[in-house]
Amino acid sequence: MTRAVGFAVAPEVAYDYLVDPVNRPAWQQSLRAVADVVGPDDVVGQTWTDLTWPGLAPRMELTEADRPRRWSEHGTWRGIEADLTLDFAPTASGCAVTPTMSLRGSGLLRPAAAIAGRLAPAAVRADLRRAARILAAGS
């Protein structure tokens, strides 16, 4: 998954919006809420729980924070682990955000993780397009 999504805002604006767990339910279609946020925004080690519409509740951790160039998160739920990195690059009209994701499962969840891993890139790009629209409407 390496196709960038265009944002009509500066990399700093996109980064600050996307990295804040409180904003996640507005732009991530699968999220209904974020809970148990521990630690300050944009600081490696911050953790939170994603409460999803399907009922999954992965525990998330910010693992890299290089504003406004890159941030990465790691999530775990039962036997599934996921990593997402967003790279931000300035463009003439704002910035491009390029997602890179990996999804792994162990044991009986390995096949489900493999299927989800094939579907996730399109969902992540759709979520980023939603975030870009939200930010464009607010600017």
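Modeller: Start with the classes. Ala, Val, Leu, Ile, Met, Phe, Trp, Tyr, Cys and Pro count as nonpolar. Asp, Glu, Lys and Arg count as charged, and the others, Gly among them, as polar. Keep in mind that this is a predicted model.

Biologist: By those classes, how do the residues of the lining of the largest pocket divide?

Modeller: The lining has 21 nonpolar residues, five polar and four charged.

Biologist: What volume does the largest pocket have?

Modeller: About 800 Å³. Its lining has 30 residues. Ser 30, Ala 82, Met 101, Leu 103 and Ala 120 are the closest to the centre.

Biologist: What makes Ser 30 polar and Met 101 nonpolar?

Modeller: Met is on the nonpolar list, so Met 101 is nonpolar. Ser is on neither the nonpolar nor the charged list, so Ser 30 falls among the others and counts as polar.

Biologist: Which elements each supply at least two residues of that lining?

Modeller: Strands S3 (47-52), S5 (70-77), S6 and S7 (94-105), along with helix H3 (110-138). The largest share comes from H3, with nine residues.

Biologist: Asp 127 is in H3. Why is Asp 127 called buried?

Modeller: Its relative accessible area is 10%. Buried means under 20%, so the label follows. Beyond four places in sequence, Asp 127 touches Trp 27, Gln 28 and Gln 29.

Biologist: Move to S6, residues 80-91, where Thr 85 is found. Why does Thr 85 count as buried?

Modeller: The value for Thr 85 is 16%. That is under the 20% limit, so Thr 85 is buried.

Biologist: How do you know that the side chains of Thr 85 and Ser 72 make a polar contact?

Modeller: The distance is 2.7 Å. The cut-off for a pair of N or O atoms is 3.5 Å, so the pair is within it. Ser 72 also appears among the contacts of Thr 85 outside its sequence neighbourhood, with Arg 70, Trp 71, Thr 98, Pro 99 and Thr 100.

Biologist: What makes S3 and S4 a pair?

Modeller: Three bridges join S3 to S4 (residues 59-66). Pairing needs at least two bridges, so the two strands qualify. They run antiparallel. Trp 48 stands opposite Met 60 in S4. The hairpin of S3 and S4 has six residues between the strands, and Gly 55 there takes a positive phi near 100°.

Biologist: How do you know that S4 and S5 pair?

Modeller: Seven bridges link S4 and S5, in the antiparallel sense. At least two are required, so this is a pair. S4 and S5 also form a hairpin, with three residues between them. Glu 61 stands opposite His 74 in S5.

Biologist: Glu 61 lies in S4. Why is Glu 61 called partly exposed?

Modeller: Its relative accessibility is 33%. Buried is under 20% and exposed is over 50%, so a value in between is partly exposed. Contacts of Glu 61 beyond four places in sequence include Trp 48, Ser 72 and His 74.

Biologist: What is unusual in the loop between S4 and S5, where Pro 68 has its place?

Modeller: The peptide bond from Arg 67 to Pro 68 is cis, with omega near -5°. Most peptide bonds are trans.

Biologist: Which residue other than glycine has a positive phi of about 55°?

Modeller: Asp 36. Most residues other than glycine have a negative phi. Asp 36 lies in strand S2, residues 31-38.

Biologist: Why is Asp 36 labelled exposed?

Modeller: Its relative accessible area is 51%. The exposed class begins over 50%, so Asp 36 belongs to it.

Biologist: What about Asp 42, in the loop between S2 and S3?

Modeller: Its phi is near 65°, again positive in a residue other than glycine. Its relative accessible area is 26%, so the label is partly exposed.

Biologist: What makes Asp 16 partly exposed?

Modeller: Asp 16 has a value of 36%. This is neither under 20% nor over 50%, so the middle class applies. Asp 16 is found in helix H1, residues 11-19. Beyond four places in sequence, Asp 16 touches Asn 23 and Arg 67.

Conventions: Residues numbered from 1 in each chain as written. Predicted model: local features only at pLDDT ≥ 70, side-chain atom pairs only at ≥ 80, totals over all residues. Heavy atoms only, no water. Helix = DSSP H or I, 4+ residues; strand = E, 2+ residues; numbered from the N terminus. Buried < 20%, exposed > 50% of the residue type's maximum accessible area, 1.4 Å probe, protein only. Polar contact = N/O pair within 3.5 Å; in protein donor to acceptor, adjacent residues only side chain to side chain. Contact = heavy atoms within 4.5 Å. 1 Å grid on protein atoms, 1.4 Å probe; cavity = no way out; pocket = protein on both sides within 12 Å on 5 of 7 lines; lining within 4 Å. Points joined across faces, edges and corners; volume = space filled by probe spheres on them.
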